[in-house]
Amino acid sequence: MSQRDTLVHLFAGVCGGTVGAILTCPLEVVKTRLQSSSVTLYISEVHLNTMAGASVNRIVSPGPLHCLKLILEKEGPRSLFRGLGPNLVGVAPSRAIYFAAYSNCKEKLNDVFDPDSTQVRTISAAMHVPPCPANFFFSVETRSCHVAGWS
C-alpha cells in the first residue's frame, strides 16, 4: 500500500469519526443525562402548594424526548453538544488509525488467503479487537464531560 493510500485512509477515518461523533453527540448527552442525572429531570414535576407545602403531583420516569425537551428549554441547543471536544480528541485519531490499519491488514492478508474473501475481512477486523478495553475508559471519561458540561 502506498503512502498516499495510507493518508487517504487516515483522512477518511478522521472524517468518518468526526461526522459520527457530531451526529451522535446529542443522543449521547440525552442518554448520559437519563443515566446519571435523573434527580434534576424530576424538578419539573414538583409543585409548590402554599396550603399544604411542597408536594409531588406525579412522578413519571422521564423518557428521552422529555429529557431532550428539558435540556433544550433550560440550557439551549448548544448544551446538546457538551463533551464533543473531548470526544473528538479520542474518536478522530482512533477511527483514522482503525481505517488505515484495517486497509493495510487486508492488503497483507490478500496475499495469504483468497483476495477480499470473508476470512480476509474477518481477520482484518478482528486484529483491532485488543484495544477495545481502552474504549471503556475513554467512554467513562467522555460521559463525565457530558455531565460536567465540558465542551
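Is I71 buried or exposed, and at what relative accessibility? I looked this up before anything else and found that I71 counts as buried, at 2% relative accessibility, where buried means under 20% relative accessible area, exposed over 50% and partly exposed in between, with a 1.4 Å probe and protein chains only.

**Entry 1: ground rules.** I noted that this is a predicted model, in which local features need pLDDT of at least 70, side-chain atom pairs count only at pLDDT 80 or more, and totals for chains, interfaces and linings use all residues. Residues are numbered from 1 along each chain as its sequence is written, and side-chain values use heavy atoms, with hydrogens and water left out.

**Entry 2: the chain overall.** I found six helices and two strands in the protein chain, taking helices (H or I, at least four residues) and strands (E, at least two) as DSSP runs numbered from the N terminus. Read from the N terminus on, the order of the elements is α-α-β-β-α-α-α-α. Of the 151 residues in the protein chain, 25% are buried. I also looked up the contacts with a separation of 6 or more, and residues 24 or more positions apart account for 67% of them, a contact being heavy atoms within 4.5 Å.

**Entry 3: α1 against α3.** I returned to I71, which has its place in helix α3. Leaving aside residues up to four places away in sequence, I71 touches V29, V30, R33, G76, S79 and L80. I71 and V29 are 42 residues apart in sequence, and their C-alpha atoms are 9.4 Å apart in space.

I then turned to the two helices themselves: the axes of α1 (residues 3-36) and α3 (residues 64-75) come within 10 Å and cross at roughly 105 degrees. Such axes are lines fitted to C-alpha atoms, for helices over the stretch in contact, and the angles run from 0 to 180 degrees between N-to-C directions. I therefore entered α1 and α3 as roughly perpendicular to each other, the classes being roughly parallel under 35 degrees, roughly antiparallel over 145, roughly perpendicular from 65 to 115 and oblique for the rest.

On the α1 side I listed V29, V30, R33 and L34, which meet P64, C67, L68, I71 and E75 of α3. By class, this contact of α1 with α3 has seven nonpolar, no polar and two charged residues; Ala, Val, Leu, Ile, Met, Phe, Trp, Tyr, Cys and Pro count as nonpolar, Asp, Glu, Lys and Arg as charged, and the others, Gly among them, as polar.

**Entry 4: α1 against α4.** I looked next at helix α4 (residues 84-110), which packs with α1 at an angle of about 140 degrees, the axes being 7 Å apart. The residues making this contact include T6, H9, L10, A12 and G13 of α1 and L84, N87, L88, V91 and R95 of α4. By class, the contact of α1 with α4 has 14 nonpolar, eight polar and one charged residues.

From this contact I singled out H9, whose place is in helix α1 and which counts as partly exposed at 24% relative accessibility. H9 and R95 are 86 residues apart in sequence and, C-alpha to C-alpha, 9.6 Å apart in space.

**Entry 5: salt bridges.** How many salt bridges does a search of the whole structure find? The search gave four, a salt bridge being a side-chain nitrogen of Lys or Arg within 4 Å of a carboxyl oxygen of Asp or Glu.

In one of them R33 pairs with E75, the closest N and O atoms being 2.9 Å apart. R33 lies in helix α1 and E75 in helix α3, so the pair ties together parts that are 42 residues apart in sequence. I noted R33 as buried, at 10% relative accessibility, whereas E75 is partly exposed, with a relative accessible area of 35%.

The side chain of E75 also meets that of R82 in a salt bridge (3.2 Å, N to O), and R82 is partly exposed at 27% relative accessible area.

I also recorded a salt bridge between K106 and D116, with the closest N and O atoms 3.8 Å apart. This pair links K106 in helix α4 with D116 in the loop between α4 and α5, 10 residues apart. K106 is partly exposed, with a relative accessible area of 22%. Through salt bridges that share partners, R33, E75 and R82 are joined into one network.

**Entry 6: D116.** I checked the backbone of D116 last: its phi is near 55 degrees, a positive value in a residue other than glycine. D116 is partly exposed, with a relative accessible area of 41%.
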